[in-house]
Amino acid sequence: MHGEYKIPGGKLVVVDLEVERGVLCHARVAGDFFLEPDEALDAVNHALNGAPADTDATGLAARIDAALPEATVMYGLTSEGIGIAVRRALAHATDWTDYDWQLIHEGPQSPALHMALDEVLTAEVAAGRRPPTLRVWEWAAPSVIIGSFQSLRNEVDPEGAARHGIEVVRRISGGGAMFVEPGNTITYSLSVPEALVQGLSFQDSYAYLDDWVLGALGDMGIKAWYQPLNDIATDQGKIAGAAQKRVVGPGAGPGAVLHHVTMSYDIDADKMLEVLRIGREKLSDKGTKSAKKRVDPLRRQTGLAREAVIERMIDSFRGRYGLTDGKVTPEELGRAEELARSKFGAPEWTARVP
């Protein structure tokens, strides 16, 4: 069995192993990490061998830590990262480069249609009718997008939204509210086979699916990191938030994961505060007293036009994993338009949690 895991902010860990009578054996760890002293690698392999095959990543990390020589130094490597690579091997997880990725970047679309396209395209990936897809959104109107389980009245000030012409829609994923205006936001979705995140915990899957964009930001001179559970941050503040939804495949077979991210390129913080009801509890949880300080726009940090930031992000993804230009098919668009009318544009859905 073979498993790979790119540690967020670190290096690639590769594990080859076998299972006999319910325990791991013949484990061999490799990668482009740094590890001192040399005998520490033998200690890692020895710690894995004999472990019950159902040991989780945390348990495997504990075995490794207990076996490492004193003064061991890991750079770009963690014991838990090795454990995750083992779990991915046992789960027969796939890697980014195992797929032919498709890019969808089309003209501005309504907020409700964006919600519907996420659902339709991810269902198509789950059914095996669409390759893994990176979709970059363009917004036709300003909007507030609330999480699947959020209370509408607790999150949105209806008078403020009406005054500024802000449409409110509810997405299928959890998480918090997003305030977006055309030209001020960069939003993208990844619709990926479930096999890509096999062996990862829910939290680890966020970090894993965010790693490519951290690299893209780094190429633009921004040192960014994944901040659990679903934020991307810099030393200047939060710049993006992510959310996920798991979709079951046909016949309850292998499914797909929707992972979408909204990044603040620029932001009208005063308007946002008039539209969103941002509670003190949420602000204190983020370690700040002002919502204006929570989000630090990419425009200021990069000095680049929004279109240039998007182009560099796409180029970075293409350089890492390959990316072919594609489009939403007429069948997919037809289904999405119907969902936008019957579900995402319907008050029953938007106010399903009043």
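Three short exercises on this predicted model follow, each with a worked solution.

**Exercise 1. Find which side of helix H2 (residues 57-67) is buried, and what it packs against.**

Step 1. List the buried residues of H2: Ala57, Leu60, Ala61 and Ile64.
Step 2. Check their directions around the axis. They cover an arc of only 100 degrees, so they sit on the same side of H2.
Step 3. Look at the face turned away from the buried side. Exposed residues Thr58 and Ala66 are found there.
Step 4. Identify the packing partners. The buried residues of H2 pack against E3, helix H1 (39-48) and H3.

**Exercise 2. Place Gly22 in the fold and decide whether Gly22 is buried, partly exposed or exposed.**

Step 1. Locate the residue. The loop between strand E2 (12-20) and strand E3 (23-31) holds Gly22.
Step 2. Apply the cut-offs: buried is under 20% relative accessible area, exposed is over 50%. Gly22 has 42%, so Gly22 is partly exposed.
Step 3. Look for contacts beyond four places in sequence. Gly22 touches Ala51, Pro52 and Ala53.
Step 4. Take the pair Gly22 and Pro52. They are 30 residues apart along the chain, yet their C-alpha atoms are separated by 6.0 Å.

**Exercise 3. Describe the second largest pocket: its volume and its lining.**

Step 1. Note the volume, about 290 Å³.
Step 2. Count the lining: 15 residues, with Tyr5, Ile7, Pro8, Ala207 and Tyr226 nearest the centre.
Step 3. Sort the lining by class. Nine residues are nonpolar, four polar and two charged.
Step 4. Assign sources. Helix H3 (79-90), helix H7 (202-219) and strand E12 (225-227) each give at least two lining residues. H7 supplies the largest share, four residues.

Conventions:
Residues numbered from 1 in each chain as written. Predicted model: local features only at pLDDT ≥ 70, side-chain atom pairs only at ≥ 80, totals over all residues. Heavy atoms only, no water. 1 Å grid on protein atoms, 1.4 Å probe; cavity = no way out; pocket = protein on both sides within 12 Å on 5 of 7 lines; lining within 4 Å. Points joined across faces, edges and corners; volume = space filled by probe spheres on them. Nonpolar A, V, L, I, M, F, W, Y, C, P; charged D, E, K, R; others polar. Buried < 20%, exposed > 50% of the residue type's maximum accessible area, 1.4 Å probe, protein only. Contact = heavy atoms within 4.5 Å. Arc of directions from axis to C-beta.
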